[in-house]
Amino acid sequence: MSAPDRSILSQQLALAVTACKDGWHVLRHRGPNQLQFWFIALAIGIAAGFAALFFRKGIEALQAFLYGTEDVQYLHTFASSLPWYWILVIPIVGGLVTGLILHNFTKDGVARSVADVIEGAALRDGRVGTRAGVASAFASFITLSTGGSTGREGPVVHMAAVISTKVCRWIKADGVTGRDLLGCAVAAAVSASFNAPIAGALFALEVVLRHFAVHAFAPIVIASVAGTVINRLEFGDVTEFMAPDTNELVFYQELPAFLILGLLCGLVAVVLMRAIFWTDDLGTAFQTRTGMPRWLRPAVAGALLGAMAIFYPHIIGVGYETTSLALTGQLALNEVVVFIIMKTAAVAITMAGRMGGGVFSPSLMIGALTGLGFGLVATGIFPDVSGSVTLYALAGMGAVAAAVLGAPISTTLIVFELTGDWQTGLAVMVAVSMSTALSSRLVDRSFFLTQLERRGVHLAAGPQAYLLAMFRVGSVMRKPDDARAADEARCWEMIGEGIYVDQNATLEAAMPIFDRTMVRFIPVVTLTGENAAPELQGALFHVDALKAYNRALAATAAEEHS
């Protein structure tokens, strides 16, 4: 090859390498607006869909093995015929295994769930902890297979988040791309779990990303459809629940009853959420007082669940059989009341026992029971202007679930997709709107956001409340060698007056000091020990903190409206 030919070839190779680098940069930083990004969204959707499918099939297989039933959809009916000691032992052993998994593979012994995914989307550029996430998936798998009274959507959503986190780290995606990939994974997981593509996509936008930006919509829909296809390849185009054909509003005069039902469901949802938190606090106090090791806590909860299940096997697992009975009106009023109480207690014990699982499926069951109970009373009092009691069960199912999740749009749609009944939208929408309006004022908007609030993560109030927590003081301060640094002598005077902030603190801790002292800057120190003198590292200026905060607000607004 001649010298000119070699020169031309080297130039072409250099151009090709440059093009690849440019394409990689575009994918990482402007991925959501690029066609290539959609193929990655599709791949993540397929992976998350298969993860959700295998999780569901695995639970069904282990349940069938442990309880000896061929159809886990009728688990509680079969379990009622088993020896009492078997019903008691299974959740105890399951709790012990769960406790050992979480003790050895998580820092706090707590299973990760949807709240952690929401936190990852808001504060960690769409990333979640992978080691704790995998351990939580296994722990929740054991819990749901051995009698735990929670749902599978929480673990499935977090598993999907682990997948998207791995991809984000591989391509070194920025925050916008990472959050959109997280939304894709969540949408696919929810869709694959419930055969609900519309609700899966909206759940990711409404609950996890908490915005409806146009740039995120297309890839999330693609991933959601991929998850749905995987579900239908295995289960066919069938709904989770079979709603009766008689669901219809007889007269529009019946609508006020659904307004009242919505308020009742909002209160029931609040009771469910507060029961979980109260029981968790009680369990923590008991554990602290007795010195019980944290790995034993799920086993104790399993013993309580097993004792309850001996008399009320309806609490075992997800509870789809009881939900189906409620939606078809096959339960009496006294049964409805007892099942609501027992299921609420069982969910609270499971969650407080740190056994893992989600709250969506239990809220569907409790909601359907609440709606049926209300319908039995309402139609009994006003038979001439009442439709079917099963319509109340359907509306109640959506209303309680929407209030718990804080997601009225996606929950309304998922109720329709779970039942295939699109003719009763008016009643469901009325009940859902009233329940969420009431419950959001009695808790921090939803179960997940209240969980985060209890940890000191303030997402419920919006970006203006939590963005300050994203910035470490050390990353914003001016160091002593800065040309615009604060006067060192004045810094030491302020330290002597007790006006300073730790280098590892966030702007969330620093801003109240500015408000209280009205100073231009705050000395930044490192606290080396309890009795050791603080070491001066620099100074945080009020104007710099405000600039960082404003830039973050602008970036958030740009992402949410792009």
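**Two pockets and a buried threonine**

Trainee: How many residues of each class does the lining of the second largest pocket have?

Mentor: By class, this lining has twelve nonpolar, five charged and four polar residues. Keep in mind that the model is predicted.

Trainee: Which residues lie nearest the centre of that pocket?

Mentor: A122, R179, Y466, T556 and E559 do, out of 21 lining residues. Two or more lining residues come from each of α5, α8 (175-194), α9 (197-209), α20 (463-466) and α24 (542-560). The most come from α24, which gives five. The volume of this second largest pocket is about 400 Å³.

Trainee: What volume does the largest pocket have?

Mentor: About 760 Å³. It is lined by 30 residues, and D108, V110, A111, D116 and R455 are the closest to its centre. Elements giving two or more residues to this lining are α5 (114-123), α6 (130-145), α11 (255-290) and α19 (447-454). With four residues, α11 gives the most. The lining divides into twelve charged, nine polar and nine nonpolar residues.

Trainee: Now a single residue. Is T370 buried or exposed?

Mentor: Compare its relative accessible area with the cut-off: a residue is buried under 20%. T370 has 5%, so it is buried. Its place is in helix α15, residues 360-381.

Trainee: Which residues does T370 touch, not counting those up to four places away in sequence?

Mentor: L261, L264, C265, V268 and I340.

Trainee: What does the side chain of T370 reach at 2.8 Å?

Mentor: The backbone oxygen of I366. A polar contact needs N or O atoms within 3.5 Å, and the 2.8 Å of this pair falls within that cut-off.

Methods. Residues numbered from 1 in each chain as written. Predicted model: local features only at pLDDT ≥ 70, side-chain atom pairs only at ≥ 80, totals over all residues. Heavy atoms only, no water. Buried < 20%, exposed > 50% of the residue type's maximum accessible area, 1.4 Å probe, protein only. Polar contact = N/O pair within 3.5 Å; in protein donor to acceptor, adjacent residues only side chain to side chain. Contact = heavy atoms within 4.5 Å. 1 Å grid on protein atoms, 1.4 Å probe; cavity = no way out; pocket = protein on both sides within 12 Å on 5 of 7 lines; lining within 4 Å. Points joined across faces, edges and corners; volume = space filled by probe spheres on them. Nonpolar A, V, L, I, M, F, W, Y, C, P; charged D, E, K, R; others polar.
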